[in-house]
Amino acid sequence: MNHAIDSYRLRRRFGVAALFLVLVVVGAASLGFGAVDVAPGEVMSVLVQQLGLDPTTPPSAQAVGVVWGLRVPRLLMGVIVGAALAVSGAGLQGLLRNDLADPHLLGIGPGAAIGAAVGSGLGGVQAAIAGGVFTGVLTAFIVRRIARGRTADPNRLILAGVALGATLSAWVGFVVFGSDRAVVPPIEFWLLGSLSGATWRGLGTVAVFLVVGVLALLGVARTLDILVLGHREAAHLGVDVGLFTTICLIVTGVVVGATVGVAGVIVFVGLLIPQLMRPVTGPFHRHLMLGSLVAGAVFVASADLVARLAIEPIELPVGLVTSVLGGPMFLWIVSRRRRVV
């Protein structure tokens with residue numbers, strides 16, 4: 001037992017350290033490469049200058065505009081969006097005791113996209129975030145009610161979410177095509193995701209929702225560990241499973257709604273990342289969520305870098321890249337589990 005714990009601890013520390021290193025490399029590449037390449041030395045000069053220090057060689061106005069005005073908020077947006085989606089996916093998989101549980105599979109993502117698109121037409125990015133949060137939470141409530149309220153079976157909850165998500169994805173199209181196309185982003189933004197519209201203002205607003213939501217999910221990690229025993233056993237140990245499920249779905253609605261408001265629906269992050277990290281971090285949800293937080297940040301930041309550079313000057317939707325990368329990886333995980341069984 002002690003040997004297994006020590007093995008998980010070693011793997012966890014090495015894995016998270018390696019992910020941080022990859023994130024640094026991806027971040028450096030994201031700031032330097034693009035339609036306009038900026039030399040590493042000039043990128044450092046921009047960052048040093050914006051921190052209030054005196055760089056050895058002052059950067060050009062173009063470098064400041066490209067790096068600080070466009071790429072830094074975009075990189076940070078990808079990091080926090082990826083981290084939040086991965087943590088919410090880990091929480092849902094623990095809550096429903098199903099590795100296929102995912103915020104978008106439950107219909108919360110498409111539901112949030114409807115409110116975000118409406119909000120975008122009414123008042124820009126902050127209204128889009130507010131609209132996404134509102135309809136994300138509302139969708140979570142609807143899924144909960146469809147699955148028969150407080151005594152919902154996890155599998156029934158997932159099936160209800162899949163059916164509702166398919167319907168809501170169609171309604172996203174109706175909302176977008178019925179709105180002012182000069183104001184509301186196109187349909188591919190909402191259903192395939194993009195970080196191209198990241199700004200410092202939007203980053204500051206969404207960060208509040210995501211930080212609070214992620215901290216809330218981390219705070220219930222011990223209860224999620226108890227739920228692994230089964231809902232009936234957890235109830236015997238004093239957990240109000242129905243209330244706890246409702247609270248977790250609300251928090252997930254807030255997190256996913258906020259991410260959709262600024263980046264659209266980015267798939268496979270919440271579904272894939274916890275499954276990849278579970279062998280590294282071990283079964284305890286606190287460790288799994290913290291590992292998924294870093295891995296999700298790396299995954300989305302890397303996908304966004306590929307989206308920008310793959311077929312320049314055209315920029316791909318980041319959700320398209322996560323699907324291309326995540327789909328085969330997920331199929332590989334499923335096939336390995338079948339062979340093991």
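These notebook entries record what I looked up in a predicted model.

**Entry 1: helix α5**

I began with helix α5, residues 154–177, and compared its length with expectation. At 1.5 Å a residue, its 24 residues should span 34 Å. I found the end C-alpha atoms 35 Å apart, which agrees.

I then listed the buried residues of α5. They are Pro 154, Leu 157, Ile 158, Ala 160, Gly 161, Leu 164, Gly 165, Leu 168, Val 172, Gly 173, Val 175 and Val 176. Which helices do the buried residues of α5 pack against? I noted α3 (61–96), α4 (108–146), α6 (187–192), α9 (231–236) and α10 (241–263).

**Entry 2: the nonpolar core**

I next examined the largest nonpolar core, which has 96 residues. Met 77, Leu 95, Trp 190, Val 260 and Val 269 touch the most other members. Helix α3 supplies the largest share of this core, with 16 residues.

**Entry 3: Leu 95 and His 231**

I followed Leu 95 outward, leaving aside its neighbours within four places in sequence. Leu 95 is in contact with Leu 224, Leu 227, His 231, Phe 244, Thr 245 and Cys 248.

From that list I took up His 231, which belongs to helix α9. Is His 231 buried or exposed? Its relative accessible area is 17%, and buried means under 20%, so I recorded His 231 as buried. Not counting residues up to four places away in sequence, His 231 touches Leu 95, Arg 97, Pro 154 and Val 241. One of these, Pro 154, also appears among the buried residues of α5.

**Entry 4: helices α7 and α12**

I turned to the packing of helix α7 (residues 200–219) with helix α12 (residues 285–309). The angle is about 150°, and the axes lie 9 Å apart. An angle over 145 degrees counts as roughly antiparallel, so I entered α7 as roughly antiparallel to α12.

On the α7 side, the contact is made by Val 214, Leu 217 and Leu 218. On the α12 side, I listed Arg 286, Met 289, Leu 290 and Leu 293. The residues of this contact comprise six nonpolar, no polar and one charged.

**Entry 5: Ile 314**

Last, I looked up Ile 314, in the loop between α12 and α13 (318–340). With a relative accessible area of 52%, Ile 314 is exposed, because the cut-off is over 50%. Not counting residues up to four places away in sequence, Ile 314 touches Ala 307 and Arg 308.

I also related Ile 314 to Arg 286, a residue of the α12 contact with α7. The two are 28 residues apart along the chain, and their C-alpha atoms are separated by 40 Å.

How values were computed
Residues are numbered from 1 along each chain as its sequence is written. This is a predicted model: local features need pLDDT of at least 70, side-chain atom pairs count only at pLDDT 80 or more; totals for chains, interfaces and linings use all residues. Side-chain values use heavy atoms; hydrogens and water are left out. Axes are lines fitted to C-alpha atoms, for helices over the stretch in contact, and angles run from 0 to 180 degrees between N-to-C directions. Helices (H or I, at least four residues) and strands (E, at least two) are DSSP runs, numbered from the N terminus. Angles under 35 degrees count as roughly parallel, over 145 as roughly antiparallel, 65 to 115 as roughly perpendicular and the rest as oblique. Contact means heavy atoms within 4.5 Å. Ala, Val, Leu, Ile, Met, Phe, Trp, Tyr, Cys and Pro count as nonpolar, Asp, Glu, Lys and Arg as charged, and the others, Gly among them, as polar. The expected span of a helix is 1.5 Å times one less than its number of residues. Buried means under 20% relative accessible area, exposed over 50%, partly exposed in between (1.4 Å probe, protein chains only). A nonpolar core is a set of buried Ala, Val, Leu, Ile, Met, Phe, Trp, Tyr and Cys residues joined through side-chain atoms within 4.5 Å.
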